[in-house]
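Biologist: I would like to go through the labels on this model one by one. For each, tell me what earns it.

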Amino acid sequence: MTTEELIAARRSEPWREELRKSKKNKERTDIPRVKMNELDPEYRSHTRLEEVNLGLTKEQAMREAQRCLDCPNPTCMQGCPVSINIPTFIKNIERGEFLEAAKVLKETSALPAVCGRVCPQEKQCESKCIHLKMGKEPVAIGYLERFAADYERESGNISIPEIKERNGIKIAVVGSGPAGLSFAGDMVKRGYEVTVFEALHEIGGVLKYGIPEFRLPNRIVDVEIEGLRKMGVRFEKDCIVGKTISYEDLHAAGFKGIFVASGAGLPNFMNIPGENLVGVMSSNEYLTRVNLMDAANPDSDTPVMEGKKVAVIGGGNTAMDSVRTARRLGAEQAMIVYRRSEEEMPARIEEVKHAKEEGVKFLTLHNPIEYIGDERGRVKQMRLQKMQLGEPDASGRRRPIPIEGAIETIDIDEVIVSVGVSPNPLIPRAFDGLEVSKRGTIVVDEESMRSALPDVYAGGDIVRGGATVILAMGDGRRAAAAMDARLKETK
């Protein structure tokens, strides 16, 4: 159903008129936005596995839902990459129909409990909320999405979306991150036989290895994945497409369509002196070892270094995840080193707030130019170039410019570099005929997500080079719709 059809159907529901009569718009806009319940900062900075955000109570959720004006033209939906029917799920919460709200979410989102936690709603749906035009805070759509998904899970009454009759057509998905899971969910609902191939020993991709449990607990991801299993999605772990099995093997096995969602797991470094010292690592390695390999456990086969003076280089969400993890692993001094000002940081405002509350220091307008080691080859200091902001660059952020002669040296014993990632190069090399950009991303048609190979579609970081969970999911949904249309045409 298109967005326009959803809106038309929504207007005809009789209970909506009753809700409109129950409160006038002025009363609704006067309700203050709900505040998220959180763990105490001092306590949570020492506990790695407890989630910081605690969610809303029923009463908080219903009151926040009353703030939604149920606009005739819901602009919030324009800001949602997976086209969630936002007004309908929120109005179900207002009525106390929490399970119905969860069902609405599942119509278009394979991972509502995940998105309710990590999606940057402030830049997506909430940025389009009509409350902003009235000088008010937007409706807390993300908090309400999390509430509905959590309520359903905790109630034990987990719904399965409608599945069309099986058509016997086999579809392969490479990678079990958000793009792959979103695509798999949409295709299995259309009746296809979907198999997801994951290179690692855990399903979930970046949701498992890249995001710490204090922000996205693994048990939440596991429930979402189990829901996909119940819908009929098959998962194959420890299988590297391009190594374990080839593009030709997939064809020989009868797969008629392939969606590549292999991510961007190749870390970028700055190519400055001292990056090879012991104690300097990428955020990818650090978070993967802690989140997926139990490296924080002293009995682990792959223990991670636990520095006392830790510097994280970068200003994105991954940098915040890294520095907050370091704090939980015992860092007495944990700092963010970022070459621009705080206003230019790409990290979510909530993540910056949480980091500050947990004792993280922010050293902005500084850029590392060298790491200095001791006689054992371990990092002990870093030299920082002070910066100032010039004119905006292509990203729209003001360009950092070095201040001549302004260099300082500070003591550190661990550095985590979080300055971006590059796409996984394995698939582009293994699938002969793919068009690949200079950045190593797979080139696709932006509308259909179709590659130069007619049966191969791609989305997420392997196409974008690094993006949010929700944008990756949007890619998966677009690819599913386009592949379904093509396969029906070629029958």
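Modeller: Start with how elements are named: helices are DSSP runs of H or I with at least four residues, strands are runs of E with at least two, and numbering goes from the N terminus. Keep in mind that the model is predicted.

Biologist: Where is Asp 294 placed under that naming?

Modeller: Asp 294 sits in the loop between α15 and β9 (309–313). Its position is just after α15.

Biologist: What makes the backbone of Asp 294 worth a remark?

Modeller: Asp 294 is not a glycine, yet its phi is positive, about 55°.

Biologist: Why is Asp 294 called partly exposed?

Modeller: Its relative accessible area is 37%. Buried needs under 20% and exposed needs over 50%, so a value in between is partly exposed. Asp 294 therefore gets that label.

Biologist: What is the phi of Asp 70, and where does Asp 70 lie?

Modeller: Asp 70 also has a positive phi without being a glycine, about 50°. It lies in the loop between α5 (58–65) and α6.

Biologist: Is Asp 70 buried or exposed?

Modeller: Buried. Its relative accessible area is 6%, and the cut-off is under 20%.

Biologist: What makes helix α15 mostly covered?

Modeller: Helix α15 spans residues 283–292, and 9 of its 10 residues are buried. Among them are Tyr 286, Leu 287, Arg 289 and Asn 291.

Biologist: Which residues does Asn 218 touch beyond four places in sequence?

Modeller: Leu 207, Lys 208, Glu 213 and Asn 291. The term means heavy atoms within 4.5 Å. Asn 218 itself is in helix α13 (residues 218–231).

Biologist: Why does Asn 218 count as buried?

Modeller: Its relative accessibility is 16%. That is under 20%, so the label holds.

Biologist: How far apart are the C-alpha atoms of Asn 218 and Arg 378?

Modeller: They are separated by 33 Å, with the two positions 160 residues apart along the chain.

Biologist: Why does His 354 count as buried?

Modeller: Its relative accessibility is 2%, and buried means under 20%. His 354 belongs to helix α17 (residues 349–357). Beyond four places in sequence, it is in contact with Glu 38, Arg 44, Val 52, Asn 53 and Arg 324.

Biologist: Now the cysteines. How many disulfides does the structure hold?

Modeller: It holds 0 disulfides. Take Cys 68: the nearest cysteine sulfur is that of Cys 71, 6.4 Å away. A disulfide needs two sulfur atoms within 2.5 Å, so Cys 68 is in none.

Biologist: Why is Cys 68 called buried?

Modeller: Its relative accessibility is 10%, under the 20% limit. Cys 239 is also buried, with a relative accessible area of 10%.

Biologist: How many cavities of 30 Å³ or more turn up in the whole structure?

Modeller: The search finds 2. The largest has a volume of about 120 Å³.

Biologist: What makes these spaces cavities and not pockets?

Modeller: In a cavity a 1.4 Å probe fits but cannot get out, whereas a pocket is an open set.

Biologist: Which residues lie nearest the centre of the largest cavity?

Modeller: Of 16 lining residues, Cys 68, Cys 71, Cys 76, Cys 129 and Val 139 lie nearest its centre. The elements that give two or more residues to the lining are α6 (75–78) and α7 (86–94). The largest share, 3 residues, comes from α7.

Biologist: How is the lining of the largest cavity split by class?

Modeller: It has 12 nonpolar, 2 polar and 2 charged residues. Cysteine counts as nonpolar here.

Biologist: What is the volume of the second largest cavity?

Modeller: About 70 Å³. Its lining includes Cys 80, Cys 115, Cys 119, Cys 125 and Ile 470. By class, that lining has 9 nonpolar, 2 polar and 1 charged residues.

Biologist: What makes a set of residues a nonpolar core?

Modeller: Its members are buried nonpolar residues of listed types, joined through side-chain atoms within 4.5 Å. The largest such core has 93 residues, and Ile 86, Phe 89, Ile 93, Val 194 and Phe 431 touch the most other members. Helix α20 (residues 469–489) gives the most to this core, with 9 residues. Another core of 25 residues lies apart from it, and includes Ala 296, Val 304, Val 323 and Ala 355.

Biologist: Which residues does Phe 89 touch beyond four places in sequence?

Modeller: Ile 84, Ala 101, Val 104, Leu 105, Ile 141, Leu 144 and Glu 145.

Note on methods. Residues are numbered from 1 along each chain as its sequence is written. This is a predicted model: local features need pLDDT of at least 70, side-chain atom pairs count only at pLDDT 80 or more; totals for chains, interfaces and linings use all residues. Side-chain values use heavy atoms; hydrogens and water are left out. Buried means under 20% relative accessible area, exposed over 50%, partly exposed in between (1.4 Å probe, protein chains only). On a 1 Å grid over the protein atoms alone, a cavity is a set of points where a 1.4 Å probe fits but cannot get out, and a pocket is an open set with protein on both sides within 12 Å along at least five of seven lines; lining residues have an atom within 4 Å of a point. Grid points are joined across faces, edges and corners, and a volume is the space filled by probe spheres set on the points.
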